[in-house]
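I opened this entry to look up what surrounds the ligand, and then to follow one strand through its neighbours.

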Amino acid sequence: MRIARLTGFMGAEITGFDARTPPDLAGPLLRDALDRHLMIVLRGLHADRATQKRLSQVFGPLMRLPYVRPMDDDPDVIAVLKEADETGGGVFGGEWHSDFSFLENPPAGSLLNAVEVPDVGGDTVWANQVTAYASLPGDLRAAVDGRRAVHTGAPYGQRHAPPEDTRANASIRMTRGDPRADRETLHPAVLTDPASGQKALFVNPIYTTRLEGLTEAESAPILAALYRHATRPDFSCRLRWCAGDLAIWDNRRTLHYATNDYDGARRLLYRTTFAGTPPA
Ligand code: SIN
């Protein structure tokens, strides 16, 4: 097995990992790699869904999530699918975000298992929010230190999950009106990782609506400046997928973004999500 860093600030690719490695051996190794690199990709694994779920549980208990409908035969797995004929629209995860940050206990991490990918395009990009926080200019740091931010899934749900009978071209099935997605949840704008003590910026353009104590209008310019900084290419890692790759990321210390540049090609990845301790 070989591990190689992908950029200066985050991401590593692992080749030669044997999916049959027993969890008690694979666990410490993969957890350590994820902790160091925040996103790891196991190249050419071709894991079936049972193996993917077993690997997810090496990091934490599997989570079932509101408002994105899972696979009919497996409530632990979401099929992230865009068909070749779904053109001219958006794509699931096509804005910078942290998965389900509006939950009281947002996922600690997620796995994406590439089943079918375009010949070119459909990359996923992550950005390191520990580095983003550490390099925040003083005025922005003062705006977030000790402050909480409000997160909700409602605006995204309204935009991306119109009533089912009016929808076209949407392989991802989203439900509306789930109270766990629509209510407002407060999280510290800067999270402290329980194991490493690292501090990470924890706001994102999909689900964060404002900073506590400020209106949406007052928050908007501050959040816009935070997002510009947090998503700088310097802090990011772009993954070019091959079918069979399995990526694992820390959902509390990174943001990610699904690139939508492959209209006319089919892209299918299976996603699982694992839980951790509530954010602090
Ligand atoms: C996601 O946001 O989980 C999807 C990312 C991707 O499809 O690349």
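I began with R271, where a polar side-chain atom lies 2.5 Å from an oxygen atom of the ligand. I noted that the protein covers 100% of the 260 Å² of accessible area that the ligand has on its own (Shrake-Rupley method, 1.4 Å probe). The model is predicted, and local features need pLDDT of at least 70, side-chain atom pairs pLDDT 80 or more, while totals for chains, interfaces and linings use all residues. Residues are numbered from 1 along each chain as its sequence is written, and side-chain values use heavy atoms, with hydrogens and water left out.

I then looked up two histidines: a polar side-chain atom of H97 is 2.9 Å from an oxygen atom of the ligand, and for H256 the distance from a side-chain N or O atom to a ligand oxygen atom is 3.1 Å. Among the residues around the ligand (a heavy atom within 4 Å) I also listed D99, T124 and R267.

Next I turned to strand β13, residues 246-250 (strands are DSSP runs of E, at least two residues, numbered from the N terminus). Why is β13 largely enclosed by the rest of the structure? Five of its five residues are buried, so the strand is largely enclosed (buried means under 20% relative accessible area, 1.4 Å probe, protein chains only). L246, I248 and D250 are buried on one side, and A247 and W249 on the other.

Finally I checked pairing, which requires at least two DSSP bridges between two strands. Strand β3 (residues 39-42) pairs with β13 in the antiparallel sense over four bridges, with I40 partnered by I248. Strand β5 (residues 109-116) runs antiparallel to β13 and is joined to it by five bridges, and there S110 has W249 as its bridge partner.

Conventions. Buried < 20%, exposed > 50% of the residue type's maximum accessible area, 1.4 Å probe, protein only. Polar contact = N/O pair within 3.5 Å; in protein donor to acceptor, adjacent residues only side chain to side chain.
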